[in-house]
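Visitor: I have a few terms to test against this model. Can you take me through the reasoning, one value at a time?

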Amino acid sequence: MNVNIHEDYQSMSKAAANLVARRIISRPDLVLGLPTGDTPKGFYRELIDFYEAGLLDFSKVTTFNLDEYYPLSRDNPISFTNYMYERFFNHVNVSQNKIHIPDGETDRVADECQDYEEMIAEEGGLDLTVLGIGENGHIGYNEPGSKLGSKTRLVELSEESIVREVPGNYDGIINKALTMGVKTIMNSRKLALLASGPRKANVIHDALEGPVTGDVPASILQLHPEVTVILDREAAGDLDGGELMV
Ligand code: F6R
């Protein structure tokens, strides 16, 4: 596990974008797993800057998002689909037919989940997946207690995740998500885990330096051979070791 600690949110976001840019330049048809949430907003802005400067071409890149609330119309302003178009896809040249996001509108959940896994397999698997981390250690929406062998499936969100992440007026309405499983994520050839701010310090310590346990799903990343952890100084605040990269 390669842990990089940056001064602040902006330099963390730049480092994450640089990592993805390097991979796309060396492999233009990269298969990329992508997160939503507050943490990657700066990362997407940096990638857009690269694109606008003519430094990156996304036309051959295939993307698979980690998760989507369920049930929820993709046009709903709080959907992860809406987030991805607003914050990234509308601003770069990713081909529409290479974008994949779990379908929060499906009434055939089991088929949708199986199809999602098959589409990833048909693309040759995920090359690089960028992850955020929940304060309870979730990756994607693999909440505490998720199994190592889990694949894309419908999950119940924990109370903690609903309170912290689902916008207030949807509290009590949205309590489920479709998410890639722990195994789906662990099968990605490379992983990048991003975290920012003091609220993530405790879980980053547990995930990186604590025991590998299903209670902290992100701790399983300790067993992945190619993980880059990109933190700002605040998120790294509870780590025993670690060196600041500027
Ligand atoms: C979202 C996702 C989640 C988030 C996590 C952190 O697609 O997979 O695991 O990465 O909830 O969210 P933020 O960045 O908002 O703290």
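Guide: Start in the loop between α4 (109-122) and β6 (128-131), where Asp-127 sits. The model is a predicted one.

Visitor: Why is Asp-127 called buried?

Guide: Buried means under 20% relative accessible area. Asp-127 has 7%, so Asp-127 is buried.

Visitor: What makes the pair Asp-127 and Arg-189 a polar contact?

Guide: The cut-off for a pair of N or O atoms is 3.5 Å. The side chains of Asp-127 and Arg-189 are joined at 2.6 Å, so the pair counts as a polar contact.

Visitor: Why are β4 and β8 said to pair?

Guide: Pairing needs at least two bridges. Strand β4 (residues 67-70) and strand β8 (residues 176-179) have 4 bridges, so they pair. They run antiparallel. One of the bridge partners is Ala-177 in β8, matched with Tyr-69.

Visitor: Which way do the β4 residues point?

Guide: Asp-67 and Tyr-69 point one way, Glu-68 and Tyr-70 the other. In a regular strand, side chains alternate between the two faces of the sheet. All four β4 residues are buried.

Visitor: Which residues are closest to the ligand?

Guide: Asp-67 again, with Thr-39, His-138, Gly-140 and Lys-200. In total, 14 residues surround the ligand.

Visitor: Which side chains have polar atoms at short range from ligand oxygen atoms, and at what distances?

Guide: Among them are His-138 at 2.7 Å, Thr-36 at 2.8 Å and Glu-165 at 2.9 Å. The protein buries 94% of the 410 Å² that the ligand exposes when taken alone. The ligand takes the space of the largest pocket.

Note on methods. Residues are numbered from 1 along each chain as its sequence is written. This is a predicted model: local features need pLDDT of at least 70, side-chain atom pairs count only at pLDDT 80 or more; totals for chains, interfaces and linings use all residues. Side-chain values use heavy atoms; hydrogens and water are left out. Buried means under 20% relative accessible area, exposed over 50%, partly exposed in between (1.4 Å probe, protein chains only). Helices (H or I, at least four residues) and strands (E, at least two) are DSSP runs, numbered from the N terminus. A residue is near a molecule or strand if one of its heavy atoms lies within 4 Å of it. A polar contact is a pair of N or O atoms within 3.5 Å; within protein, one must be able to donate a hydrogen and the other to accept it, and residues adjacent in sequence count only if both atoms are side-chain atoms. Accessible areas come from the Shrake-Rupley method with a 1.4 Å probe; for residues, only the protein chains shown count as cover. On a 1 Å grid over the protein atoms alone, a cavity is a set of points where a 1.4 Å probe fits but cannot get out, and a pocket is an open set with protein on both sides within 12 Å along at least five of seven lines; lining residues have an atom within 4 Å of a point. A molecule sits in a cavity or pocket if more than half of its atoms lie within 2 Å of its grid points.
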